[in-house]
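Work through the exercises below with the sequence and the model side by side, and try each task before reading its solution.

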Amino acid sequence: IDAPVDALLLRHMGEIQAVLRSWHRRGEWTPAAPFRHNLEIVCPAAEPRAWEGGARGVAAFFSGGVDSFAAVLANSEIDHLAYLSGYDVPLDAVSRDAEVRGALAEAARGLGKSLVTLETNARELADGVVPWLAYCGSVLGAGAWMLAPAMRRVYVAASISHRHFYPNGSHPLLDHLWGSENLEVVHAGAEWSRAEKVGRLRDSEVAQTTLRVCWESPEYNCGRCEKCLRTMATLEALRVRE
């Protein structure tokens with residue numbers, strides 16, 4: 001890599017690779033060729049520096065789903081919501097992406113936050129080479145550094161709870177390692193089960209009107225896929241589905 005990389009982030013690379021490699025050895029991911037051994041990263045290390053331009057904000061990656069809504073509602077210091085286009089909505093799904101952006105902008109206004117939109121083509125490069133669950137967290141880590149000039153802290157919403165952890169690219173063992181002295185990456189919400197997270201949304205009018213859980217269908221929420229159905233079942237159990 002020709003450009004200098006943050007010195008602490010560079011030191012973290014060994015630990016990140018060790019965690020991924022240990023999961024690969026257990027047969028969790030196939031194919032996962034990059035995790036068979038540590039890769040040496042050759043680049044100049046950038047010395048830590050103070051960010052210029054005054055106060056920096058706090059952001060959270062936000063998809064409009066249960067996990068990200070729960071994290072944002074629980075952490076009042078968050079003042080920016082970051083939507084990463086190309087992460088779960090393909091870049092070429094133009095109309096669907098526009099619909100999602102519109103709903104997230106509405107959610108941001110309702111929550112009193114600003115919406116920041118990023119784009120990534122990481123999936124076009126890596127899908128089929130590395131399993132998505134193995135590298136999804138690294139994409140968020142890269143997104144956090146895209147935000148870093150303006151943000152001092154970036155929240156990543158946990159998708160699984162402490163009670164049910166399994167190898168995943170976004171994980172409490174990994175997410176914080178994408179940060180550095182001047183950028184904190186926080187894995188948030190692993191203390192709650194999925195049902196507890198849904199319960200935290202029951203009194204949020206913004207979540208009620210903009211919640212997005214469906215990722216397989218071109219529709220905003222199809223109401224038929226596994227994820228839609230289990231979310232609806234939880235809402236029904238809480239007597240707030242309507």
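## Exercise 1: The sheet and its covered strands

Strand E6 (151–157) is largely enclosed by the rest of the structure, because 6 of its 7 residues are buried. The structure is a predicted model, and the tasks that follow start from the sheet to which strand E6 belongs.

**Task.** Find the order of the strands in the sheet, and state which strands stand at its edges.

**Solution.** Begin with the order, which reads E5-E4-E3-E6-E7 for an open sheet of 5 strands with parallel pairing. Next look at the two ends of that order: strand E5 (114–119) and strand E7 (184–188) each have a single partner strand, so one side of each is left without a neighbour in the sheet. Finally, follow the twist, which averages 30 degrees from one strand to the next.

**Task.** Go through the pairs of strands, and give for each the number of bridges and a pair of residues that stand opposite each other.

**Solution.** Start with E4 (residues 80–85) and E5, which run parallel and are joined by 6 bridges; here tyrosine 83 stands opposite threonine 117 in E5. Moving on, E3 and E4 also run parallel, with 3 bridges between them, and alanine 60 faces leucine 81 of E4 across this pair. E3 has 4 bridges to E6, again in the parallel sense, and valine 58 stands opposite arginine 153 in E6. The last pair, E6 and E7, is parallel over 5 bridges, with arginine 153 standing opposite glutamate 184 in E7. For the degree of covering, add that E4 is mostly covered, since 5 of its 6 residues are buried.

## Exercise 2: Helices on the sheet

**Task.** Determine which strands are touched by helix H3, which strands helix H2 lies across, and how far helix H2 is enclosed.

**Solution.** First take helix H2 (residues 66–74), which lies across strand E3 (57–61), E4, E6 and E7, and which runs at about 135 degrees to E6. Helix H3 (residues 94–111) packs on the sheet as well, where it touches E4 and E5, and its direction makes about 175 degrees with that of E4. Then return to H2 and count its buried residues: they are 7 of 9, so H2 is largely enclosed by the rest of the structure. The buried residues are Val66, Asp67, Ser68, Phe69, Ala70, Ala71 and Val72.

## Exercise 3: The two sides of helix H8

**Task.** Check the length of helix H8 against the expected span, and then decide where its buried residues lie around the axis.

**Solution.** At 1.5 Å a residue, the 12 residues of helix H8 (residues 226–237) should span 16 Å, and the end C-alpha atoms are indeed 16 Å apart, which agrees. The buried residues of H8 are Cys228, Thr231, Thr234 and Leu235. Because these residues cover an arc of only 130 degrees around the axis, they lie on the same side of H8. On the other side of H8, Glu226 and Ala237 are exposed. As for the partners, the buried residues of H8 pack against H2 and helix H6 (194–200).

**Task.** Describe the backbone and the exposure of arginine 239, which follows H8.

**Solution.** Arginine 239 is found in the segment after H8. Its phi is positive, at about 60 degrees, although arginine 239 is not a glycine. With 81% relative accessibility, arginine 239 counts as exposed.

## Exercise 4: Cysteines without a bond

**Task.** Explain why cysteine 228 is not bonded to the closest cysteine sulfur, and how cysteine 136 compares with the cut-off for a disulfide.

**Solution.** The starting point is that a disulfide is a covalent bond between the sulfur atoms of two cysteines, and that the structure holds 0 disulfides. For cysteine 136, which is in no disulfide, the nearest cysteine sulfur is that of cysteine 225, at 18 Å. The cut-off is a pair of sulfur atoms within 2.5 Å. The sulfur of cysteine 228 is 3.6 Å from that of cysteine 225, the closest cysteine sulfur, which is too far for a bond. Both residues are covered: cysteine 136 is buried with a relative accessible area of 5%, and cysteine 228 counts as buried at 3% relative accessibility.

Terms used: Residues are numbered from 1 along each chain as its sequence is written. This is a predicted model: local features need pLDDT of at least 70, side-chain atom pairs count only at pLDDT 80 or more; totals for chains, interfaces and linings use all residues. Side-chain values use heavy atoms; hydrogens and water are left out. Buried means under 20% relative accessible area, exposed over 50%, partly exposed in between (1.4 Å probe, protein chains only). Two strands pair if DSSP finds at least two bridges between them. Axes are lines fitted to C-alpha atoms, for helices over the stretch in contact, and angles run from 0 to 180 degrees between N-to-C directions. Contact means heavy atoms within 4.5 Å. The expected span of a helix is 1.5 Å times one less than its number of residues. The arc is that of the directions from the helix axis to the C-beta atoms.
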